[in-house]
Amino acid sequence: MSSPAPRSGGRLAENLLVAAAVAVVGLLIVVPLASVFAEAFAGGVAAWWRALAHDPDTRHAIWLSLTVAPLAVAINTGFGIAAAWLLARFRFPGRSLLITLCDLPFSVSPVVAGLALVLIFGRQGLLGPTLAALGWKVIFSWPGLVLATTFVTLPLVVREVLPVMEAIGPEEELAAVSLGAGGWQVFTRITLPNIRWALLHGVVLANARAMGEFGAVYVVSGHIAGATDTMPLRVEKLFQEYRTPASMAVASVLAGLALVTLVAKFVIERQLEAEARELAAARGLADTIDTDPATAGSDASGKDSSA
Amino acid sequence: MSISIRGISKAFGTFRALDDVSLDVPQGTLLALLGPSGSGKTTLLRIIAGLEWPDAGRIEEDGTDVTDRHARQREVGFVFQHYALFRHMNVFENIAFGLRIRKVAAREVEAKVNELLHLVRLDGLGGRKPAQLSGGQRQRVALARALAIRPKILLLDEPFGALDAKVRVELRQWLRRLHDEIGMTSVFVTHDQEEAFELADEVVVMNHGRIEQRGTPDEVFEHPSTPFVMDFLGNVNVFHGRVEKGQAFWHGVQFDYPDYPHAQARPAQVYLRPHELDIDRPTDRPPQAAAQGSLAARVVRTTRSGATIRISCRPDGTESELHVDIAADRARDLALQTGDQVVITPRKVRVFLPDPEYVI
């Protein structure tokens with residue numbers, strides 16, 4: 001560990017800070033997460049597998065999570081790309097407001113989000129009678145779960161893609177258009193390859209959040225075992241029923257997913273950094289030479305006001 | 001293909017980028033749009049390319065109205081200021097892009113791209129990514145990519161702006177030859193007058209969304225039609241004088257100015273180019289010289305700028321400086337020192353009456 005401060009006092013402070021950081025991360029993150037795995041596998045791998053695969057309600061919860069999360073992520077991917085493109089390429093009244101609104105789900109408690117959905121789509125809700133007449137069930141059913149999960153994960157893709165799109169600028173897309181490419185061709189051949197790592201980053205984060213979402217989903221699901229319980233809801237229910245080993249087994253699946261996400265995030269972020277460096281290098285090259293006084297008339301103008 | 005621009009206007013919010021601009025570019029011309037930033041030159045170029053829509057006016061190609069035609073249907077080659085190469089594609093795929101969009105057969109694409117790589121002197125670099133190329137190489141890839149679709153019109157936005165001086169001069173000459181060989185109509189945007197004059201058949205000087213002057217480089221340089229052009233071309237002494245009865249007066253020096261025959265005196269701006277002034281020691285001049293439009297001054301300093309020597313003088317009775325450029329040999333003969341008395345005689349004087357709307 002090298003320090004720019006040569007004084008021993010600086011070195012001591014640095015070491016203390018490092019130790020504090022390691023202690024906090026260890027106590028709050030590493031140890032609890034490790035204990036989940038320890039608990040889950042306390043009865044051996046066979047017991048762990050039995051807890052997951054032989055309980056029909058748990059099986060259904062896993063299946064439901066694996067359906068709801070990808071659907072929500074897919075909706076968010078579509079929305080995220082479209083919104084990022086709109087926000088990056090156009091200036092219009094209300095643009096800043098739209099950016100703020102896209103971020104709103106981060107600051108709203110998920111429970112509030114869930115309640116809001118019930119107020120709109122519930123039986124007594126705004127659209128309740130219409131939905132009932134059509135025979136569609138949203139609340140206490142999987143569409144509600146998808147809506148709640150989508151709401152909660154909404155900012156993740158936009159937030160990742162927007163800054164990258166802004167940094168890259170519209171020039172490559174315009175170049176493609178001037179070479180004859182249509183809108184879809186520009187998107188698939190130019191825009192998408194340019195934002196692919198940012199997009200993947202957003203998708204991975206959104207997926208992790210979608211799989212783990214509890215609050216909003218709790219409100220809209222009705223908590224019906226074997227029907228609307230997702231994995232996090234199942235973990236909580238099993239825990240409340242004092243079936244701790246089974247609860248820990250499901251929890252370990254979620255925790256394992258977090259670890260996979262972590263690795264994916266690490267790999268993607270390295271790619272993103274490499275691309276950002278490349279972009280900065282290309283810009284830097286252009287900019288430094290731009291500032292070189294382009295000789296536009298060496299100035300010899302003396303100004304005088306004698307008549 | 002000839003281009004006709006008819007009464008184009010374009011505003012961005014309250015900013016008038018183009019104000020009723022009309023311009024004809026005959027087939028085969030290499031034309032420069034010259035002006036400071038914000039003069040509307042790039043906007044005009046983008047409108048010709050179809051990348052920007054005019055608020056009013058029309059664009060014609062060979063007499064056909066193409067105003068409403070989308071950029072992808074214009075068949076115009078466009079070279080962007082920072083090249084806008086497709087970063088994730090290699091050089092070959094960059095150049096092949098327009099051909100692939102047009103569903104050209106793979107074998108034909110390969111032959112065509114290799115031919116273009118040869119044309120822009122990048123043989124063997126097809127596998128490189130844009131990030132692995134130098135500025136000059138990227139510029140040539142951008143050019144090859146634009147040429148691949150066989151455009152009748154080539155548009156270039158500050159094509160040499162991001163290159164260092166030596167590469168810039170080389171590429172300029174090369175682009176001129178290329179233009180002549182292919183026989184396209186080309187328009188390029190620049191803020192560098194030297195670049196415009198060296199490369200273009202015709203120069204269009206723009207300011208505040210309007211065309212100030214259009215002409216061959218010689219016409220524009222020798223006969224700047226407005227004070228703005230005079231100023232923008234740079235390297236000029238500007239003084240305030242007055243005009244009266246067909247004469248212009250500045251600091252006791254008198255010139256003919258038949259454009260203003262009126263008796264009422266008006267303030268006017270007097271432009272003197274440093275290389276159009278003669279400088280002598282007072283003793284070398286015949287005594288009547290002073291009456292023929294010369295002025296007395298003192299040398300403030302002498303500096304070398306390239307092959308010429310610049311002598312900065314202060315005309316007697318003023319606080320302003322007047323620059324005179326003379327050849328190095330002449331400067332050696334004169335051997336002027338700071339504080340020496342000199343006589344300056346303009347060979348050519350340009351006078352402009354101030355335009356109330358004109359702001360430097």
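This is a short dialogue on reading a predicted model with chains A and B.

User: Let's start with the overall make-up. How many helices and strands are there in chain A, and how many in chain B?

Analyst: Keep in mind that we're looking at a predicted model. Chain A has twelve helices and zero strands, so its pattern along the sequence reads α-α-α-α-α-α-α-α-α-α-α-α. Chain B has nine helices and 20 strands.

User: What does the domain assignment of chain B give?

Analyst: It gives domain 1, covering 3-225, and domain 2, covering 235-352. The C-alpha centres of these two domains of chain B are 41 Å apart. As for the whole of chain B, its C-alpha trace spans about 80 × 45 × 35 Å along the principal axes.

User: How do I read burial, and what share of each chain is buried?

Analyst: The idea is to count C-beta neighbours within 10 Å: 20 or more means buried, and 12 or fewer means exposed. In chain A, 35% of the 307 residues are buried. For chain B, it's 43% of 360 residues.

User: And contacts along the sequence? What percentage join residues at least 24 apart?

Analyst: Take contacts between residues at least 6 apart in sequence, then ask what part of them joins residues at least 24 apart. In chain A that part is 74%, and in chain B it is 65%.

User: Let's zoom in on one helix. Why is α2 of chain B described as largely enclosed?

Analyst: Helix α2(B) runs over residues 91-101, and eight of its eleven residues are buried, so the rest of the structure largely encloses it. The buried ones are B:V91, B:F92, B:N94, B:I95, B:A96, B:F97, B:G98 and B:L99.

User: What do those buried residues pack against?

Analyst: Their partners come from both chains: α8 (171-178) of chain A, plus α3 (106-119) and α4 (135-147) of chain B.

User: How do I describe two packed helices, and how does α2(B) meet α3(B)?

Analyst: You give the angle between the two axes and the distance between them. For α2(B) and α3(B), the axes come within 10 Å and cross at roughly 130°. That is why the pair counts as oblique. The crossing of α2(B) past α3(B) is right-handed. On the α2(B) side, the contact uses B:F92, B:I95, B:A96, B:L99 and B:R100, while α3(B) brings B:V109, B:K112, B:V113, B:L116 and B:L117. By class, that's eight nonpolar, no polar and two charged residues.

User: Now the other partner in chain B. Are α2(B) and α4(B) roughly parallel or roughly antiparallel?

Analyst: The two steps are the angle first, then the label. The axes of α2(B) and α4(B) are 7 Å apart and pack at an angle of about 30°. Angles under 35 degrees count as roughly parallel, so α2(B) is roughly parallel to α4(B). Their crossing is right-handed. B:V91, B:N94, B:I95, B:F97 and B:G98 of α2(B) make this contact with B:V141, B:A144 and B:R145 of α4(B). Here the residues divide into five nonpolar, two polar and one charged.

User: What sits just before and just after α2(B)? Where is B:N90 found, and what is the phi of B:K103?

Analyst: B:N90 is in the loop between β6 (76-79) and α2 of chain B. With 18 other C-beta atoms within 10 Å, B:N90 is partly exposed. B:N90 and B:G126 are 36 residues apart in sequence, yet 6.6 Å apart in space, C-alpha to C-alpha. Setting aside neighbours within four places in sequence, B:N90 contacts B:G126, B:G127, B:R128 and B:K129. After α2(B) comes B:K103, with a positive phi near 55°.

User: Where else does phi turn positive in a residue other than glycine?

Analyst: Examples include B:R150, with phi near 50°, and B:A335, with phi near 45°. B:R150 lies in the loop between α4 and β7 (153-157) of chain B, and B:R150 counts as exposed, with 12 C-beta neighbours inside 10 Å. B:A335 is in the loop between α9 (328-334) and β19 (341-346) of chain B. B:A335 is also exposed, with 9 other C-beta atoms within 10 Å.

User: One last case, from chain A. Is A:L104 buried or exposed?

Analyst: A:L104 belongs to helix α4 (residues 95-107) of chain A, and with 12 C-beta neighbours inside 10 Å it counts as exposed. A:L104 and A:T130 are 26 residues apart along the chain, and their C-alpha atoms are separated by 28 Å.

How values were computed
Residues numbered from 1 in each chain as written. Chains lettered and ligands numbered in written order. Predicted model: local features only at pLDDT ≥ 70, side-chain atom pairs only at ≥ 80, totals over all residues. Domains from an automatic or database assignment. Helix = DSSP H or I, 4+ residues; strand = E, 2+ residues; numbered from the N terminus. Contact = placed C-beta atoms within 7 Å. Axes fitted to C-alpha atoms, helices over the stretch in contact; angles between N-to-C directions. Parallel < 35°, antiparallel > 145°, perpendicular 65-115°, else oblique. Left-handed = near helix turned anticlockwise from the far one by under 90°. Nonpolar A, V, L, I, M, F, W, Y, C, P; charged D, E, K, R; others polar.
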